[in-house]
Amino acid sequence: MTAARLRLPHRPRRSRPLQTTLLALVLVPVVGLSVVGVVGVDDRLQHAREAETALHEVRTAIALDDVRSAVGHEVVPVLGAAALTQPGVLAAFALTPEQADRLLHERGVSGAAGSTEATDAAVAAARAGDATGSGEVLAQLPARLLGARTATAADVDRGLTLYDQLLADLTTQVNEHLRTARSLGLAGDLASALGDLQRVSRASALASREITTWLGTVADARTVTRRDFLQVWGAYQQASADVVTLSSPGVARDWSRAQRSATSQRLADVLASVTDRDGTLTLAELTAVATGSAARDATLRSVLTRVAEVVVDEARDQADAARRELQQLLVLCGLVVAATLAGTLLVRRAIATPLGRLAAQSRSVAAGELVDVQEQGPTEVRVVAQGLAAAVDTLRRVQVQAEAIAAGELDCEVVRTPVPGPLGQLVQASVTQVLAALHEREQLQADLAHQAAHDALTELPNRAQTLVLAARALHRAARQGSRVGLLFLDLDHFKAVNDSFGHAAGDELLRTAAARMNATVRGGDVVCRLGGDEFVVLVEGVEDEKGLVDLGGRLIAALSAPAALTGLPQTQHVRVGASVGVAVSVPGTLDAGRLLRDADAAAYRAKAAGRGVVEVFDDELRAELSARSELETALRHGLETGELVLYYQPVLDLETGRTKSVEALVRWVRPGHGLVPPDAFIPVAEASSLVCDLGRWALAEATAQLVRWDVEGGHHRGLDVAVNISGRHLAQAHLLDDVTDALTASGIHPSRLTVEITETVLVDEPLALEHLRSLRELGVRVAIDDFGTGYTSIGQLSRLPVDVLKIDRSFVSSPEAGHGDLVRLLISAAHSFSLGVVAEGVEEDGQLSALLDASCDAAQGYLFARPVPAAELPAAAILVTEPRT
Ligand code: C2E
Ligand code: CA
Ligand code: CA
């Protein structure tokens with residue numbers, strides 16, 4: 001992940017749980033509602049309380065007004081009774097005391113006793129009603145009443161004053177209560193009813209005072225003047241008018257009706273006429289006032305009572321209404337709170353609980369625990385839960401993939417199926433990369449293993465793998481009781497093709513050969529390449545050798561067909577063959593190396609037998625192999641113990657007829673075998689590095705012999721020597737050291753030493769030419785031995801690093817005319833390239849003559865001398881025929 005795509009994690013802000021938020025959300029309106037409710041309740045309570053206070057005030061006012069009314073009723077009889085006992089009053093009314101007494105008792109003017117009782121009852125009722133704020137007034141009432149009554153009996157004027165004061169105080173008190181009730185600011189109907197009550201009460205009180213004041217003036221009281229009465233009268237008229245004009249229609253109508261009643265009219269007339277007449281009145285008039293005032297007062301009071309009832313009802317209604325409203329409000333508040341709580345619970349159930357669960361699951365997921373996510377709750381929560389569930393699902397699948405990868409199951413369905421989404425793509429990309437890398441590594445390992453086991457050119461199993469495959473096959477065969485066959489193929493003439501057309505052509509030929517062999521063998525047979533032009537075919541389940549020999553024949557036929565070399569500037573067709581050796585495993589043996597060696601030996605024999613044939617490794621070959629092995633051991637021992645000796649054969653200079661040099665030829669004086677010729681052991685020595693040891697020994701011995709002859713100082717002083725060096729030795733880098741060591745050890749001049757190399761070596765050993773050049777640079781001479789038996793063309797001679805050509809005995813001794821011509825051709829060609837020519841195997845004079853005719857430089861053969869030990873070397877070989885002149 002690139003840095004640009006990295007997001008720093010947000011620093012976690014302290015978060016409030018949803019429950020708290022919900023609680024706050026619920027509490028705020030509940031508290032608000034409660035406040036509003038409390039205010040409303042308080043208002044309603046206040047209202048109810050005020051209505052009740054008003055009710056109480058009104059009741060008190062009515063009770064006090066009852067008292068006031070009773071006192072007002074009491075005044076006339078009490079005053080009347082008092083007045084009738086006074087002589088002045090009797091005279092004024094022209095009454096005798098008897099008439100006065102009758103009047104007092106019969107005409108009901110007095111009734112003083114009954115009226116005082118009514119007053120006392122009203123006072124008791126008022127006090128029982130505990131009129132708030134009027135305690136003092138009520139407490140003093142009985143005493144003040146008694147005072148007024150007593151005073152009236154003694155002094156009417158004084159009694160009147162006391163009564164008047166008492167009435168005034170009561171009126172004030174009534175008004176006070178009504179004002180208090182009105183000041184409570186009650187709703188419209190009650191307020192107007194209270195106003196009515198106030199006005200009616202005031203008018204009623206003034207009606208009472210009108211009578212008392214009037215009585216004062218009539219009684220000619222000292223304290224009450226006519227003006228006072230007129231004032232009260234006027235006030236009463238005004239109050240009455242107020243009631244009629246200002247009060248509600250019912251009250252006004254009632255009041256008017258009471259005013260218009262006969263009693264009221266009569267009373268008004270009496271009061272008006274007496275007042276007009278300047279204070280004198282008749283007894284009838286007095287009686288009329290007494291009864292009229294009582295009647296009027298009763299009527300007015302009935303109005304007041306009705307108004308009071310209305311007010312009380314109204315106040316009670318309002319109090320009830322307020323209480324009802326309070327109840328409703330409380331119920332409403334309760335309902336709202338309950339509903340809110342229910343709503344909260346519902347929200348909690350519907351949102352908070354699923355959200356809480358989701359939060360817990362998210363926390364688990366964040367902690368790396370891939371829990372199941374329930375998709376419950378409202379849409380939004382559900383959507384979030386679905387998202388989380390999808391994320392968990394993705395993570396689970398990624399986990400499964402990771403587990404599969406960790407378990408090494410890289411190619412399973414789980415890993416191959418991509419997880420949807422960007423994460424899945426990313427994981428898939430990583431998986432693909434990992435898989436690709438692993439596959440690449442596996443492929444690389446497979447390739448390396450293949451490379452280690454296979455030949456790069458032909459893709460066939462290589463030598464090491466051949467041994468592995470052969471070993472496996474042998475194990476299988478051992479278990480199954482069967483046998484394993486091995487065909488060893490050596491391409492014939494491959495080296496000639498390689499040298500003539502180059503390595504690329506050689507490679508192409510090898511590929512063609514491999515393909516042809518693969519096409520020829522059966523399925524199950526394995527073609528391998530050991531290296532060079534050596535191949536092997538491994539065959540399992542072999543029954544007899546015949547099948548293998550047949551296969552060998554088919555392989556030879558396939559390989560012998562002309563092969564095209566297409567990589568050349570011009571396509572060439574060459575024909576190679578093969579020599580095939582067949583070996584079959586000995587039942588029970590597990591030695592793959594031995595099987596391979598046996599087949600190799602058979603192939604070797606096939607090659608020796610003339611190429612293009614199949615040879616089976618049989619008992620004869622086995623015996624031969626063991627004899628060779630024995631011989632090799634003995635030879636190694638003989639070389640170490642000095643059983644080998646060098647024989648020397650003179651080489652005659654045909655110009656002088658004298659021995660100019662000798663060829664050193666090895667002999668083995670093998671105990672129990674006599675003198676063993678080199679042909680009997682050199683091939684065995686050439687199979688191993690033994691031939692190199694032999695060559696080193698021969699170089700040292702031959703050069704040492706030259707020194708000995710030099711030292712002897714006889715005929716052999718100053719002779720040159722030719723030493724045969726095998727191709728295997730020539731290929732070794734240490735050959736140069738061996739030559740240098742021999743020269744250094746003997747101290748002879750390098751030009752006295754000639755190294756003889758057979759012609760075929762030049763073809764077989766790639767390093768041969770290079771080493772020959774190095775030898776010549778040392779000053780050592782090089783001779784090509786057995787020339788004519790190989791494939792070297794005369795034209796190639798000019799490029800070869802050689803000094804001498806030794807023509808093979810088969811040409812020299814051949815009676816065929818063509819061979820004589822060939823020898824002559826060879827000699828003249830060699831001369832034209834400045835090479836010396838030695839003819840080998842000269843046995844007859846005729847041969848010598850021919851050589852002399854052909855201007856051959858030198859010759860060796862039985863005609864002159866056989867190879868002999870150093871001590872027996874003839875003094876000088878004398879030509880039988882005349883030397884060339
Ligand atoms: P070569 O180098 O061609 O040696 C000449 C062989 O021809 C010798 O056989 C010699 O005895 C034989 N010979 C010489 N004149 C006549 C003749 O007139 N008639 C007949 N029939 N044979 C004649 P020899 O000594 O048995 O050697 C055989 C081969 O052994 C040599 O062939 C050479 O290739 C090899 N050889 C001998 N000594 C050595 C050695 O020291 N090292 C190596 N690497 N090879 C050796
Ligand atoms: Ca030789
Ligand atoms: Ca030779």
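Helices (H or I, at least four residues) and strands (E, at least two) are DSSP runs, numbered from the N terminus. This is a predicted model, where local features need pLDDT of at least 70, side-chain atom pairs count only at pLDDT 80 or more, and totals for chains, interfaces and linings use all residues. Residues are numbered from 1 along each chain as its sequence is written, chains are lettered from A and ligands numbered from 1 in the order in which they are written, and side-chain values use heavy atoms, with hydrogens and water left out.

**Exercise 1. Backbone outliers**

Task: Place Ser855 and Arg611 in the fold, and state what their phi angles show.

Solution:
- Start with Ser855. It sits in the loop between helix H29 (845-853) and strand E16 (858-859).
- Its phi is positive, about 60 degrees, although Ser855 is not a glycine.
- Ser855 is partly exposed, at 33% relative accessibility. Buried means under 20% relative accessible area, exposed over 50%, partly exposed in between (1.4 Å probe, protein chains only).
- Now take Arg611. Its loop runs between H19 and strand E7 (614-616).
- Arg611 is not a glycine either, yet has a positive phi of about 65 degrees.
- At 36% relative accessibility, Arg611 is partly exposed.

**Exercise 2. Two calcium ions**

Task: List the protein donors of the calcium ion (ligand 2) and of the calcium ion (ligand 3). Which residue coordinates both?

Solution:
- Fix the cut-off. Donors are N, O and S atoms within 2.8 Å of the metal (3.2 Å for Na, K and Ca); water is not among the atoms, so sites may look incomplete.
- For the calcium ion (ligand 2), the donors are Glu663 (OE), Asn724 (OD1), Glu756 (OE) and Asp785 (OD), at 2.1 to 2.3 Å.
- Their sequence spacing reads E-x60-N-x31-E-x28-D.
- Asn724 belongs to strand E11 (residues 720-724) and Asp785 to strand E13 (residues 781-787), so this pair ties together parts 61 residues apart in sequence.
- Compare accessibility: Asn724 is partly exposed at 29%, whereas Asp785 is buried at 5%.
- For the calcium ion (ligand 3), the donors are Asp785 (OD), Asp786 (OD), Glu840 (OE) and Glu840 (OE), at 2.1 to 2.6 Å.
- Here the spacing is D-D-x53-E.
- Asp786 is partly exposed, with 23% relative accessibility.
- The shared residue is Asp785, and the two ions lie 3.9 Å apart.

**Exercise 3. Helix H5**

Task: Check the span of H5, then locate its kink.

Solution:
- The expected span is 1.5 Å times one less than the number of residues.
- H5 (residues 135-154) has 20 residues, so 28 Å is expected; the end C-alpha atoms are 29 Å apart, which agrees.
- A kink of about 45 degrees lies at Leu141, shortly before Pro142. The bend at a residue is the angle between axes fitted to the seven residues ending there and the seven starting there.
- Buried residues of H5 include Val137, Leu138, Leu141, Leu145 and Ala148.

**Exercise 4. The largest cavity**

Task: What lines the largest cavity?

Solution:
- On a 1 Å grid over the protein atoms alone, a cavity is a set of points where a 1.4 Å probe fits but cannot get out; lining residues have an atom within 4 Å of a point.
- The lining consists of Val584, Ser585, Val586, Thr589, Asp591, Arg594, Leu595 and Asp598.
- Helix H19 (residues 592-608) gives the largest share, 3 residues.

Definitions and conventions. 1 Å grid on protein atoms, 1.4 Å probe; cavity = no way out; pocket = protein on both sides within 12 Å on 5 of 7 lines; lining within 4 Å.
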